[in-house]
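The following exercises introduce a protein model through its computed features. Each task is followed by a solution that proceeds step by step.

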Amino acid sequence: MNSFRVTASVLLFIAAIAGANAQDPSQPIDGVIDIDPSNVDSVLDGSKLTFGEFYAPWCGHCKRLTPEYTKLAQMVKDDPFMDAQVKIVKVDCDAHRELGELFGLRSYPTLKIFPRGVGVDEAESAIPYNGERSAEAIFSYLEEIVQQEKSMGRTEELDALAQEFVSAADKEAVLAKAKAVSDPEGPSYVYIMEKVLAKGGEYIETEKDRVSKLISGGSISSTKMGEMIIKQNVMAAFEVAAS
């Protein structure tokens, strides 16, 4: 009987420790990058849409958020498309107060979104997240941003002309149609058509690789990143037509 009681007590003690660790935001979380002064520049490099939690280990709200943050990281990891587009990070602002000051924190936890192109040098451009703090709500919000970004610079009318251009024998005639379209996105499509006519059909594949490397490498301004994203999106209209 005494042995049973001791064993039960040990099991309860182990369970209590496990429960405490599950709510300790300073513990490592699979799929979440811990930012500190040594890696802040390389992690917040603007290459991916980044969602960050700025916390203090003693904060009760931070502890309650930890299970949801763990779940969010797993949801992103389990979705190949989102995993390729999104980083989930966290910062212990009690241990690294200089980072809390850098990001202008006033309370814990603070949740921020860093769009692609926004790195540590443009910390003031990070967007506060004030929505529901459930894994599902945050994931949905990030997914919406990613989908909106994928459609930047695209229109159905110009996409149709991109498809026509790829298959047309008289590409100059399709280029003339694109030039006649009154749409602010038109010049991007016209630019690619002119480059294909000047350099050949392989231009799109070569340029796609170059732009992809620029984006994945980060460390470019938010303005330049926006330009590269639009160019990447518009080139996709021609790729879809070719496939």
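## Exercise 1: An aromatic pair between loops

In this predicted model, Tyr108 is partly exposed, with a relative accessible area of 29%.

**Task.** Determine how the rings of Trp58 and Tyr108 are arranged, and which parts of the chain they tie together.

**Solution.**

Step 1. Consider the surroundings of the two residues. The value of 29% for Tyr108 falls between the limits of 20% and 50%, so this residue counts as partly exposed. Trp58, with a relative accessible area of 55%, is exposed.

Step 2. Examine the rings. A search of the whole structure yields eight aromatic pairs. In the pair of Trp58 and Tyr108, the ring centres are 6.0 Å apart and the planes meet at 85°; the pair is therefore edge-to-face.

Step 3. Locate the residues in the chain. Trp58 belongs to the loop between β2 and α3, and Tyr108 to the loop between α5 (97-102) and β4, so the pair ties together parts that lie 50 residues apart in sequence.

Step 4. Inspect the residue that follows Tyr108 in this description. Tyr108 and Pro109 are joined by a cis peptide bond, with omega at about -15°. Pro109 lies in the loop between α5 and β4.

## Exercise 2: The strand β4 and its sheet

**Task.** Establish whether the faces of β4 are covered or open, and describe the sheet that holds this strand.

**Solution.**

Step 1. Begin with burial. Strand β4 spans residues 110-114, and five of its five residues are buried. On one side are Thr110, Lys112 and Phe114, and on the other Leu111 and Ile113; both faces are covered.

Step 2. Identify the partners. Strand β2 (residues 49-55) pairs with β4 in the antiparallel sense over five bridges, and Thr50 stands opposite Phe114. Strand β5 (residues 127-128) also pairs with β4 in the antiparallel sense, over two bridges. Here Ile127 is the bridge partner of Ile113.

Step 3. Place these strands in the sheet. The sheet is open, has five strands in the order β1-β3-β2-β4-β5, and shows mixed pairing. At its edges stand β1 (33-35) and β5, each with a single partner strand, so one side of each has no neighbour in the sheet.

Step 4. Add the helices. Helix α3 (residues 60-78) lies across β2, β3 (86-92) and β4, at about 160° to β2. Helix α6 (residues 135-150) lies across β2, β3 and β4 as well, at about 145° to β2.

Step 5. Return to Phe114 and its ring. Phe103 and Phe114 are both buried. Their rings form an edge-to-face pair, 5.8 Å centre to centre, with 85° between the planes. This pair links Phe103, in the loop between α5 and β4, with Phe114 in strand β4, 11 residues apart.

## Exercise 3: The nonpolar cores

**Task.** Find which elements build the largest nonpolar core and which of them gives the most residues.

**Solution.**

Step 1. Describe the core. The largest nonpolar core contains 26 residues, and those with the most contacts inside it are Leu161, Tyr189, Ile192, Met193, Ile204 and Phe238.

Step 2. Assign its elements. Two or more residues come from each of α7 (156-167), α8 (171-180), α9 (186-199), α10 (203-217) and α11 (222-242). The greatest share is that of α11, with seven residues.

Step 3. Follow one residue. Apart from its neighbours within four places in sequence, Tyr189 has contacts that include Leu158, Ala162, Val234 and Phe238.

Step 4. Note the second core. A separate core of 20 residues includes Ile29, Val76, Met82 and Leu111.

## Exercise 4: The protein as a whole

**Task.** State how many helices and strands the protein has, and what share of its residues is buried.

**Solution.**

Step 1. Count the elements. The secondary structure comprises 11 helices and five strands.

Step 2. Consider burial. Of the 243 residues in the protein, 40% are buried.

Step 3. Consider the contacts. Among those between residues at least 6 apart in sequence, 73% join residues at least 24 apart.

Methods
Residues numbered from 1 in each chain as written. Predicted model: local features only at pLDDT ≥ 70, side-chain atom pairs only at ≥ 80, totals over all residues. Heavy atoms only, no water. Buried < 20%, exposed > 50% of the residue type's maximum accessible area, 1.4 Å probe, protein only. Helix = DSSP H or I, 4+ residues; strand = E, 2+ residues; numbered from the N terminus. Pairing = 2+ DSSP bridges. Contact = heavy atoms within 4.5 Å. Axes fitted to C-alpha atoms, helices over the stretch in contact; angles between N-to-C directions. Core = buried A, V, L, I, M, F, W, Y, C linked by side-chain atoms within 4.5 Å. Phe/Tyr/Trp six-rings, centres within 6.5 Å; stacked < 30°, edge-to-face > 60°.
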